[in-house]
4 protein chains.
Amino acid sequence: MRWNETHLRVRYAETDQMGVVYHGSYLPWLEVGRVELLRSMGYHYKDLEAAGCVLAVAEVNVRYALPALYDDLIGVWARIKESNPRLVTIEYQVKRAETGELLASGYTKHIFLNKATLRPMRVPEAFKDAFIQVISESGL
Amino acid sequence: MRWNETHLRVRYAETDQMGVVYHGSYLPWLEVGRVELLRSMGYHYKDLEAAGCVLAVAEVNVRYALPALYDDLIGVWARIKESNPRLVTIEYQVKRAETGELLASGYTKHIFLNKATLRPMRVPEAFKDAFIQVISESGL
Amino acid sequence: MRWNETHLRVRYAETDQMGVVYHGSYLPWLEVGRVELLRSMGYHYKDLEAAGCVLAVAEVNVRYALPALYDDLIGVWARIKESNPRLVTIEYQVKRAETGELLASGYTKHIFLNKATLRPMRVPEAFKDAFIQVISESGL
Amino acid sequence: MRWNETHLRVRYAETDQMGVVYHGSYLPWLEVGRVELLRSMGYHYKDLEAAGCVLAVAEVNVRYALPALYDDLIGVWARIKESNPRLVTIEYQVKRAETGELLASGYTKHIFLNKATLRPMRVPEAFKDAFIQVISESGL
């Protein structure tokens, strides 16, 4: 499945006294990357919630290669790696946009939860094509 | 009304590349200060929300005197400055606990909102004594 | 002095369980607004730091009018309100870009500090025209 | 090697509109856990930085089991899993303190970097016993 690139600029709030971006600041960036991946396919994450479903994070993994610096223009690349009606894995590459250097890579695993009960559910029908681009028979 | 002191320790995440605590990191500290002020009086903010009411922030003001540093033990002093059944003003002093130095001072103004509609409401009866310690007749 | 508008989109990380944007999340937005105000005039805040000077926050004030919501496109308007070679006051308006509704307004007061010593200094010569657009004789 | 437990209380700022703690908020908690692990052994992370060394994060992994809720008292358990003079892996368990429920587990991998150059270095002599509790000959 295809990669989508989103740009953002490093905020001062995202740095720490090491003089680089705090490692935890990358998680909101990955969130921006996956929301914009959906938007690029014509879907809005807030509509998923309006349909009574949240995409909860079950696991996050980030490997840091080079530090991001204040005011850097960052490219967050995201794509769906695996999916079935209950689970989605999205992978990411975070790059310094100007140079193309890889700063970090990682993945997030998600499960669809009923927004009211926070219990697992299947992806709502209207979002099936967004997440489940290749549905194997067994996946159903 | 009396001051309550709460202690917290500066996290690395709360610093920025200036080598001190990011100015925005103080707002969660003030939040901790007012929640613990309530707790010290026997009230739990989450019970207010369980009663269908949120204490929304209408205004925040912070003056920064000296920088807080990583790993400092911080004393957040909070007290109710003014209140009526619709509005509460809380004031704060943020100190370096070891030395007593004043790092910042400020206030937050709050309004009670219905949690479902986010429209103004009066403080729930069960919390009246927490917030409205001196109720003038006109305030009612 | 003129207003500059910067756009940003509300991140999920910036919301809280009230279902709206956490009041503290606005401070990084104001930071983005003033950095982009400088950029719009041809100045880069990181160059100020490279010149050995940081623009420390001495005071922040925000009044909240309406809640910002997840995924809203936000317009952060910023302009220099007052300045002299030691101090700058910047004012802000935060709007829902689509509707133009005013969500919050406020100001930040700043002092120029020597980056190494964190002691007050005058604005570096190269940045004088950025901050000190109208310098009164007495201000010098 | 032994586990150390640190307590912290969930802040409102750490929740999101899902009504639970934002997944990214756990990273500062892990940071608190490892800093307090060191402190429990008689070491202060800030002294490591004073010695010209930073403990950079090379990888982070978190698996989320149950949601943490606003105002929960959280127990962050941390222990050194593996270490050599250049690398340290720390593992974590995040629990709801009152019930003992496991909320999340994970690990962080770290490398020692020269604070000035951000290039890899060996752990400073004074911290060897903190991190390298079992040093194999080959590890040297």
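**Figure 1. Antiparallel strand pairing within chain C of the predicted model.** Strand S1 (residues 4-9) of chain C pairs with strand S3 (residues 73-83) of chain C in the antiparallel sense, over six bridges. Strands are DSSP runs of E with at least two residues, helices are runs of H or I with at least four residues, and both are numbered from the N terminus; two strands count as paired if DSSP finds at least two bridges between them. C:Glu5 has C:Trp77 in S3(C) as its bridge partner. S3(C) is also paired with strand S4 (residues 87-96) of chain C, again antiparallel, over nine bridges. C:Ile74 is matched there with C:Arg96 of S4(C), and a hairpin of three residues joins S3(C) to S4(C). This is a predicted model in which local features need pLDDT of at least 70 and side-chain atom pairs count only at pLDDT 80 or more, whereas totals for chains, interfaces and linings use all residues; side-chain values use heavy atoms, with hydrogens and water left out. Residues are numbered from 1 along each chain as its sequence is written, and chains are lettered from A and ligands numbered from 1 in the order in which they are written.

**Figure 2. The interface of chain C and chain B.** Contact, defined as heavy atoms within 4.5 Å, links 26 residues of chain C with 26 residues of chain B. About 2,100 Å² is buried between these chains, 57% of it on carbon and sulfur atoms; buried area is the accessible area (1.4 Å probe) that two parts lose on being put together, summed over both. On the side of chain C, the residues that lose the most area to chain B are C:Met18, C:His23 and C:Leu27, together 26% of what that side buries.

**Figure 3. Polar features and strand pairing between chain C and chain B.** Two salt bridges are counted between chain C and chain B, a salt bridge being a side-chain nitrogen of Lys or Arg within 4 Å of a carboxyl oxygen of Asp or Glu. In one of these, the side chains of B:Arg63 and C:Glu59 meet at 4.0 Å, N to O. Helix H1 (26-40), helix H2 (45-50) and strand S2 (53-64) of chain C each supply at least two residues of the side that touches chain B, and S2(C) contributes the largest share, 11 residues. Strand S2 (residues 53-64) of chain B pairs with S2(C) in the antiparallel sense over five bridges, and B:Arg63 stands opposite C:Glu59 in this pairing.

**Figure 4. The interface of chain A and chain D.** Here 26 residues of chain A are in contact with 26 residues of chain D, and the buried area is about 2,100 Å², of which carbon and sulfur atoms give 57%. A:Met18, A:His23 and A:Leu27 lose the most area to chain D within chain A, together 25% of what that side buries. One salt bridge is found across this interface; A:Arg63 forms a salt bridge with D:Glu59, with the closest N and O atoms 4.0 Å apart. S2(A) and strand S2 (residues 53-64) of chain D run antiparallel and are joined by five bridges, with A:Asn61 opposite D:Asn61.

**Figure 5. Confidence in chain A and in the complex.** Chain A averages a pLDDT (the predictor's confidence in each residue, from 0 to 100) of 94, and 94% of the residues score at least 70. Over residues 135-140 of chain A, pLDDT stays under 50. The predictor assigns the complex an ipTM of 0.94 and a pTM of 0.95.
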